[in-house]
Amino acid sequence: MKVLQVGKFYFPHHGGIETHLRMLCASLRECVDVEVLVANETRSTEDDLVDGVSIRRLGAALTLASASICPGMPEEIRNAHPDIIHLHHPNPTAMMSVAASRVQCPLVVSYHSDIVRQKALGTLFSPLLRSALARSAVIIAGSPQMVKYSPVLAEYRDKCVVIPYGIDFSTLDAADPITVAELRQQYGPRMILAVGRHVYYKGFEFLIRAMQTIDGRLVLIGDGPLRSALEAEAAHHGVQDRVHFLGGVESVAPFYHAADVFVLPSIAPSEAFGLVQLEAMACGKPVVNTDLKSGVPFVSQHEQTGLTVPPSDSDALAFAVTRLLDNPDLAARYGREGRRRARKEFSAEAMAAKTLELYADVLRGRGTLGRAARAALPVEP
């Protein structure tokens with residue numbers, strides 16, 4: 001079986017979908033012939049090998065509304081001769097390329113999120129998206145909430161299967177204890193961690209404002225177009241000495257282990273799942289997240305693995321973080337339950353196994369009626 005994974009970018013480009021795609025392909029490659037077709041961040045086309053997976057990065061002629069235009073993609077899809085095309089959405093230009101290729105093999109769509117902010121593009125793209133979803137054999141969602149709340153997927157619920165994202169625990173477990181101790185000494189004893197790109201939907205400005213009343217230090221890992229604005233926000237509220245902008249780091253694992261609390265303060269459903277909170281849970285850390293109409297509160301659940309608060313609410317964030325910092329027994333209980341939930345429900349092995357079963361069902365022409373669908377999580381009514 002040859003599966004062509006069509007994504008937007010691939011590692012070392014950082015992002016939730018890119019992290020998921022890398023994990024999925026690395027887990028699948030032992031069982032199927034996997035090739036990856038994505039856009040390059042330059043105009044040149046390059047072939048690469050990552051974790052034993054063949055990656056073809058196509059030169060982008062231009063970028064429109066954050067979407068890379070790769071004129072050669074339809075031909076590359078045809079030349080791959082796949083048995084299955086697995087397309088990762090949102091990715092309007094890749095979806096157009098799949099349609100233009102006229103390849104007739106089964107199409108599987110991983111629906112990672114709706115197009116939330118770019119409404120004009122979403123409206124323009126809507127007919128093509130609906131055509132692709134109608135043509136698809138099956139649509140994979142990362143959580144029941146994605147199917148429940150997406151206005152687009154409402155029309156295609158009978159095609160939807162929930163396969164939660166999975167992660168590789170080995171790199172998290174391998175964190176150097178000396179480094180962890182050094183980080184605790186540097187940023188502890190009440191260390192708060194947040195990880196993610198500095199973009200609008202992450203809501204980091206609300207966490208920075210919350211630091212005005214939190215007795216602790218915030219370590220913020222990541223970078224992006226809003227970094228300068230966030231640094232100015234910290235200075236404006238007088239917390240710049242307790243908010244540490246580290247940019248990118250070689251390994252996030254030691255920071256997870258060193259932290260007392262992990263916070264995912266996202267404010268929009270563009271945050272469809274929040275893999276970073278899953279990584280924190282796998283390291284035994286309690287999570288504060290937000291009650292979005294997405295998979296975010298499905299991953300870390302309120303009063304079980306952490307606390308869930310309304311989005312865009314600095315006071316609620318401050319209260320929840322302080323509650324966990326001031327109650328180490330409660331934080332430890334949530335951390336233990338988070339670790340158990342992460343390892344039971346969200347392993348890369350389970351994700352790959354369900355995806356393989358789905359591929360087999362699709363090739364047998366049974367789509368969502370096969371074993372993978374029966375094994376998948378139920379979609380809430």
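Start by selecting Arg22 and Phe11: the charged end of Arg22 sits over the ring of Phe11, 3.7 Å from the ring centre. Keep in mind as you click around that this is a predicted model.

**Stop 1: around Phe11**

Stay on Phe11 and add the next residue, Pro12. The peptide bond joining Phe11 and Pro12 is cis, with omega at about 20°. Pro12 belongs to the loop between strand 1 (2-6) and helix 1, and helix 1 covers residues 16-28.

There's a second charge-over-ring spot to pull up. Select Arg343 and Phe169: here the charged end of Arg343 sits over the Phe169 ring, 4.7 Å from its centre.

**Stop 2: the aromatic cluster**

Now show Tyr165, Phe273, Phe298 and Phe346 as sticks. Together they form one aromatic cluster. Across the model, the count of aromatic pairs comes to 5. Zoom in on Phe298 and Phe346: their ring centres are 6.0 Å apart and their planes stand at 75°, so this pair is edge-to-face. The two partners come from distant parts of the chain, 48 residues apart. Phe298 is in helix 12 (residues 296-299), while Phe346 is in the loop between helix 14 (328-345) and helix 15 (348-363). Switch on a surface if you like; Phe298 and Phe346 are both buried.

**Stop 3: the cavities**

How many cavities of 30 Å³ or more are there? The count comes to 2.

Take the largest one, with a volume of about 70 Å³. To see its walls, select His20, Leu24, His86, Ser110, His112, Ile140, Ile163, Pro164, Tyr165, Met351 and Thr355. Colour by helix and you'll find that helix 1 and helix 15 each supply at least two residues of this lining. Colour by class instead, and the lining shows 6 nonpolar and 5 polar residues, with no charged ones.

Next comes the second largest cavity, holding about 40 Å³ of space. Its lining is Ile163, Pro164, Tyr165, Glu345, Phe346, Ser347, Ala350, Met351 and Lys354. Which helix gives the most to this lining? That's helix 15, with 3 residues. By class, the lining of this second largest cavity has 6 nonpolar, 1 polar and 2 charged residues.

Leave both selections on for a moment and look at Tyr165. Tyr165 lines the largest cavity, lines the second largest cavity and is part of the aromatic cluster. Phe346, from the edge-to-face pair, is also in the lining of the second largest cavity.

**Stop 4: backbone oddities**

Switch to the backbone for the last few picks. Most residues other than glycine have a negative phi, and most peptide bonds are trans.

Select Gly188 and Pro189. The peptide bond from Gly188 to Pro189 is cis, with omega near 5°. You'll find Pro189 in the loop between helix 7 (177-187) and strand 11 (191-195).

Then jump to Asp51, which isn't a glycine but has a positive phi of about 55°. Asp51 is in the loop between strand 3 (46-50) and strand 4 (53-58). With a relative accessible area of 34%, Asp51 is partly exposed.

Finish at Ser312, also not a glycine, where phi is positive at about 60°. Look for Ser312 in the loop between strand 16 (306-309) and helix 13 (314-326). Is Ser312 buried, exposed or partly exposed? Ser312 is partly exposed, its relative accessible area being 40%.

Key: Residues are numbered from 1 along each chain as its sequence is written. This is a predicted model: local features need pLDDT of at least 70, side-chain atom pairs count only at pLDDT 80 or more; totals for chains, interfaces and linings use all residues. Side-chain values use heavy atoms; hydrogens and water are left out. Rings of Phe, Tyr and Trp (its six-membered ring) pair if their centres lie within 6.5 Å; planes under 30 degrees apart count as stacked, over 60 as edge-to-face and the rest as tilted. Helices (H or I, at least four residues) and strands (E, at least two) are DSSP runs, numbered from the N terminus. Buried means under 20% relative accessible area, exposed over 50%, partly exposed in between (1.4 Å probe, protein chains only). A charge sits over a ring if NZ of Lys or CZ of Arg is within 6 Å of the ring centre and within 35 degrees of the ring normal. On a 1 Å grid over the protein atoms alone, a cavity is a set of points where a 1.4 Å probe fits but cannot get out, and a pocket is an open set with protein on both sides within 12 Å along at least five of seven lines; lining residues have an atom within 4 Å of a point. Grid points are joined across faces, edges and corners, and a volume is the space filled by probe spheres set on the points. Ala, Val, Leu, Ile, Met, Phe, Trp, Tyr, Cys and Pro count as nonpolar, Asp, Glu, Lys and Arg as charged, and the others, Gly among them, as polar.
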